[in-house]
Amino acid sequence: MMDNKNIPNVETTNQENAAPETSIGFGYKMLRFQKKIVAPTLRHILLALICGFWLIPIVWLVATSFSAYDGVNISRFFPKEWSISAYTRLFNPGDDTANQYLVWFKNTFFIAICTCVISTVFVLCVAYAMSCMRFAGRKFMMKMAMILTMFPGFLSMIIVYMILKTVGLTNSHFGLILCYSAGSGLGYLVAKGFFDTIPVSLREAAKIEGCSEAKIFTHIVVPLSRPIIVYTVISSFLAPWMDFVMAKIMLNSGIATDWTVSIGLYKMLDMTRVNQYFTRFCAGGVLVSIPISLLFILMQKFYVEGITGGAVKG
Amino acid sequence: MKKLLCMVMVLAMVLSLCACGDTTTTDPSKTPGESQNPSSSKEPEASKDPASLPTVTLTVWGGEGEESQAFLKAAVEAFKEANKDKANFDIKIGAESESTVKDTVLADPEAAADVFYMADDQVAALVAAGAIAEVIFETDKVIEENGGQDSGSIKAASVDGKLYAFPATASNGYFMFYNKEYFSEDDVKSFEKMVEVAAAAGKKVSFQMDSGWYLYGFFNGAGLSATLNEDGKTNSCDWNATSGTYTGVQVAESILNLVASEGFTAASDADFQTGIAEGTIIAGVNGTWNAKAAEAAWGENYAATKLPTFNVNGTDVQMSSYAGYKLVAVSNYSENTNYAMALARFLTNYDNQVMRFEMVGEGPSNVQAASSEKVLADPATAALAAQGAYATVQRIGNNFWDPSQTLGTILAQGNPDNIDLQTLLDNAVEGITAPIIE
């Protein structure tokens, strides 16, 4: 009876629900459609638009660098005639003494590599000391470092220039490397955050086995910190590679073979030169971005891991 | 152990600094790449010379352009050759823009080159800072060669009657470029006629109205002045004059009249280059730095002449302009002032001014060189020389630029808000003559 009673009940409910169910199904499908198709499409259109806007200057730079016309032409987006002559002339300056792109590129690369090596070592050492060692004044030094990094670097530029001038290190790439890498240890915080996540027990075990701090650092901590090393390498390469202000102040002899890429390109925009050099300026700008792009593409995986690595301490 | 390591590290750092300091101070001219070479390697060279002449190290800065660098190289070689009995010269050629060299020099006068090229508007500031030395070498001869005490180039290079630099070129002024295909020689005599012709052809005549440097040509042409006061900082200006031959309002009206024409455009430098390359601009006021672009675009039809007249209150008035010169100065901090003076003098003598004209295309300031046939055959230089009769030396304080640019911008837009012209000029003059707060 119960069953009999129940069955029609179920049937009726089914029948009653039949119409609504299809409407729910339809609504559900609509919802699904909205969720899976409409929203992502809109989202992607928006992203594509933002991306498009964002890429306009870059596309323009690349397009203009392949122009056959030497000067500034702002009446059209894409050049009238295409040519790679800007690139070939950039690398074959002939007697044009103020156009030494290859030399500038080498100079910048040398400075960036040296700075990169030195400041990576500095940053990792400081971070290790602050994170893994305990000594008197550690907290105080960390606070001081924090305060020092809050001052903009521009404040010290004139003084740094004066000091290096008395020592005779202006107009020298060594002086520039010194400027870039000397204070880099202050940027240890991110690396310290990462080192903090390495279990203390590992280091203690090593210590019990008779490891010195140096050995713990090189044999235990460094191999475990690949992501943060990659991050440090990239960031300490980028700073000197893209710097203009410091280089302009330090390298003031006017001798073109001393310049870095950024100074050389800046000089191409002088009023009397821009007519002949604008396309080459664009070509130089495109070329200078290649090493950075390569570095990023090669190390992208580690990069993300690196900057978020210290964030999930716990 | 740790302490020992610390000591060693500190010592190593200090020593390395000292070592570098030594090589660079004994031989400041060396490029960093060479700094490993011991400085003693130079001595054998000097002793090889029978007379064992002193070695003189100099640095010269000139414009960054390929041509002016090539000129410098050639002239410096000639200087070495001409003075090889006096000293062994080690002369480095650097590239610093003539228009902004002041900023580089004033950032650290001690680090400046011994000899450098500059545009004449920077003399006053450099003299005030004590960065450049007074000319003490063949001064009278230099003045005579450049047309005497009252000539523009000497005035431009002097402060308080003392000559502080050697005039090198007379090339920084502006004049009228035009395309012969559209304009006859009579057309280019009047600005009104030119815009009329351009409007009829559906093309444009360009004049960079929104720049005080160019705008000055209209007002000064009509006899309204803007000059530097004796204090060397503030300006006096009567562009808002309500009496006199022409009033300020009349000049502004004739400018607005030109701007209103279909054939007029207030193109910037970049727009001008684009315009002549594209064929939309068929004439324009600009300087020698755009001569090559104009010649390339117009070919056989390329021509240049002095500035035209413009119509003020029914009368045709000749436009004036700023005359600009490039000068060669000697740093006050040079360790070899005498040799530096000699080099600066050599770079600006007759032969080298002619050579500079031939290689760089900048007209000479030397009167004799300027009147040579070769120079007069160049349209741009000839036009600039013709305009020279109506041009004045640029002597104006910093407060001039922003207010005059604002005025020019409003005029170039045709006074869109219909501001009373007298008020507009009064405001500009107030800004130009404002005292300098320090």
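## Close-up views of chains A and B

**Figure 1. The two domains of chain B and the place where they touch.** In this predicted model, the domain assignment of chain B gives domain 1, made of residues 54-164 together with 326-364, and domain 2, made of residues 175-322 together with 392-432. The C-alpha centres of domain 1 and domain 2 of chain B lie 32 Å apart, and the contact between the domains involves 9 residues of domain 1 of chain B and 5 residues of domain 2 of chain B. On the side of domain 1 of chain B that touches domain 2 of chain B, helices α5 (123-128) and α7 (152-157) of chain B each supply at least two residues, and α7(B) gives the most, with 3 residues. Sorted by class, the residues on this side of domain 1 of chain B are 3 nonpolar, 2 polar and 4 charged.

**Figure 2. An open sheet of chain B.** Here 5 strands of chain B form an open sheet in the order β11-β8-β12-β7-β13, with mixed pairing. The edge strands are β11 (264-265) and β13 (302-305) of chain B, each of which pairs on one side only. Helix α11 (residues 269-278) of chain B packs on this sheet, where it touches β8 and β12 of chain B, and the direction of the helix makes about 150° with that of β12(B). As a general reminder for reading such a view, strands of a sheet pair through backbone hydrogen bonds, either parallel or antiparallel.

**Figure 3. Strand β12 of chain B and its partners.** Strand β8 (residues 204-206) of chain B runs parallel to strand β12 (residues 281-286) of chain B, and 3 bridges join the two. Within this pairing, Val205(B) has Ala283(B) as its bridge partner, while the partner of Ser206(B) is Gly284(B). Strand β7 (residues 175-179) of chain B, by contrast, runs antiparallel to β12(B) and is joined to it by 4 bridges; in β12(B), the residue opposite Phe175(B) is Asn286(B). Why can β12(B) be called largely enclosed by the rest of the structure? The description follows because 6 of the 6 residues of β12(B) are buried.

**Figure 4. A parallel pair of strands in chain B, β1 and β2.** Strand β1 (residues 55-62) of chain B pairs with strand β2 (residues 88-95) of chain B in the parallel sense, over 8 bridges. A pair of residues to look for in this view is Leu58(B) and Ile91(B), since Leu58(B) stands opposite Ile91(B) in β2(B). Of the 8 residues of β1(B), 6 are buried, so this strand is largely enclosed by the rest of the structure.

**Figure 5. Helix α10 of chain B and what surrounds its buried residues.** Helix α10 (residues 248-259) of chain B has 12 residues and reaches 17 Å from its first C-alpha to its last, which is close to the 16 Å expected at 1.5 Å a residue. Its buried residues are Gly248(B), Gln250(B), Val251(B), Ala252(B), Ser254(B), Ile255(B) and Leu258(B). These buried residues of α10(B) pack against the helices α8 (191-201), α9 (212-221), α18 (401-412) and α19 (421-432) of chain B, and also against the strands β11 and β14 (309-312) of chain B. When following the residues along a helix, it helps to recall that an α-helix has 3.6 residues a turn, so residues three or four places apart point the same way.

**Figure 6. Leu124 of chain A and its surroundings.** Leu124(A) lies in helix α3 (residues 101-132) of chain A. Is Leu124(A) buried or exposed? Leu124(A) counts as buried because 22 other C-beta atoms lie within 10 Å, and the cut-off for a buried residue is 20 or more. Leaving aside residues up to four places away in sequence, Leu124(A) touches Ala191(A), Ile229(A) and Thr232(A). Met271(A), 147 residues from Leu124(A) along the chain, has its C-alpha atom 45 Å from that of Leu124(A).

**Figure 7. The contact between chains A and B.** Chain A has 13 helices and 0 strands, whereas chain B has 19 helices and 18 strands. Buried residues make up 32% of the 314 residues in chain A, and 49% of the 438 residues of chain B count as buried. Where the chains meet, 30 residues of chain A are in contact with 36 residues of chain B, and the side of chain A that touches chain B has 9 nonpolar, 15 polar and 6 charged residues.

Conventions: Residues numbered from 1 in each chain as written. Chains lettered and ligands numbered in written order. Predicted model: local features only at pLDDT ≥ 70, side-chain atom pairs only at ≥ 80, totals over all residues. Contact = placed C-beta atoms within 7 Å. Nonpolar A, V, L, I, M, F, W, Y, C, P; charged D, E, K, R; others polar. Pairing = 2+ DSSP bridges. Axes fitted to C-alpha atoms, helices over the stretch in contact; angles between N-to-C directions. Buried ≥ 20, exposed ≤ 12 C-beta atoms within 10 Å, placed from the backbone. Expected span 1.5 Å × (residues − 1). Domains from an automatic or database assignment.
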